[in-house]
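Work through the exercises below with the model open. Try each task before you read its solution.

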Amino acid sequence: MSAVSEIIRCSNFAAIKHKDQRRKDKEGTPYINHPIGVANILTQEAGITDVAVIQVQCNISNKAALLHDTVEDTNTTFEEILDNFGEEVTGLVREVTDDKNLPKLERKQQQIDHAPHTSYKAKLVKLADKLYNLRDLNRCTPCGWQESRVKEYFQWAKKVVDGLKGTNQAMENSLDELFKERDIM
């Protein structure tokens, strides 16, 4: 199966899994926009634009980006990811999936603690995920969020991103600009 076919298959799987979910913005944006946006950041902003390079270096990362929230936010299991997309993608999804059985503050602290110790490809997905989420927060405050909560999210994201430094300069520069705009350095 070609790299393009695999990405489309993966996108379709994620779209089906997230079909009933919406972002927390006023518009109720379809949730699938998030994983597609994360994959887009990896291909368009992480400096990988050559199709051959994307097939070799980014194909697994893009699949993981598209699937990164399926286990965490839907009824998808790691076994289902394994059966459909193989061990490497499953491993990456596992690396970037929060344990929803833990309290929220503990999950957030684990992201900070684990960031420096994840694989290079998982770090790419995490950077793209944070970049997408922070841009989204700048675009529109989620329903029910006060400015103080947005600032707390930015401060927490900065701690996670600090543990991912040295992974991809383009994404890190974009994130630094967002933090600078918010006076979070």
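Buried means under 20% relative accessible area, exposed over 50%, and partly exposed in between (1.4 Å probe, protein chains only). Helices (H or I, at least four residues) and strands (E, at least two) are DSSP runs, numbered from the N terminus. This is a predicted model: local features need pLDDT of at least 70, side-chain atom pairs count only at pLDDT 80 or more, and totals for chains, interfaces and linings use all residues. Residues are numbered from 1 along each chain as its sequence is written, and side-chain values use heavy atoms, with hydrogens and water left out.

**Exercise 1. Describe the whole chain.**

Start with the elements. The protein chain has nine helices and zero strands. Next, take burial. Of its 185 residues, 50% count as buried. Last, look at contacts (heavy atoms within 4.5 Å). Among those with a separation of 6 or more, 70% join residues 24 or more positions apart.

**Exercise 2. Find the two sides of α1.**

First, locate the helix. α1 covers residues 3-17, 15 residues in total. From first C-alpha to last it reaches 21 Å, close to the 21 Å expected at 1.5 Å a residue. That expected span is 1.5 Å times one less than the number of residues. Now list the buried residues: A3, E6, C10, S11, F13 and A14. They cover an arc of only 160° around the axis, so they sit on the same side of α1. The arc is that of the directions from the helix axis to the C-beta atoms. Finally, turn to the other side of α1, where V4 and I8 are exposed.

**Exercise 3. Work out how α8 packs against α7 and α9.**

Begin with the terms. Axes are lines fitted to C-alpha atoms, for helices over the stretch in contact, and angles run from 0 to 180 degrees between N-to-C directions. Angles under 35 degrees count as roughly parallel, over 145 as roughly antiparallel, 65 to 115 as roughly perpendicular and the rest as oblique.

Take α7 (residues 120-139). α7 and α8 pack at about 160°, axes 11 Å apart. The pair is therefore roughly antiparallel. Residues that meet across it include L127 and L134 in α7, and F154 and W156 in α8.

Then take α9. The axes of α8 (residues 147-162) and α9 (residues 169-181) come within 11 Å and cross at roughly 150°. These two are therefore also roughly antiparallel. F154, A157, K158 and V161 in α8 meet L175, L178 and F179 in α9.

**Exercise 4. Place Y120.**

Y120 lies in α7. Its relative accessible area is 49%, so Y120 is partly exposed. Now compare distances: Y120 and L92 are 28 residues apart in sequence and 9.8 Å apart in space, C-alpha to C-alpha.
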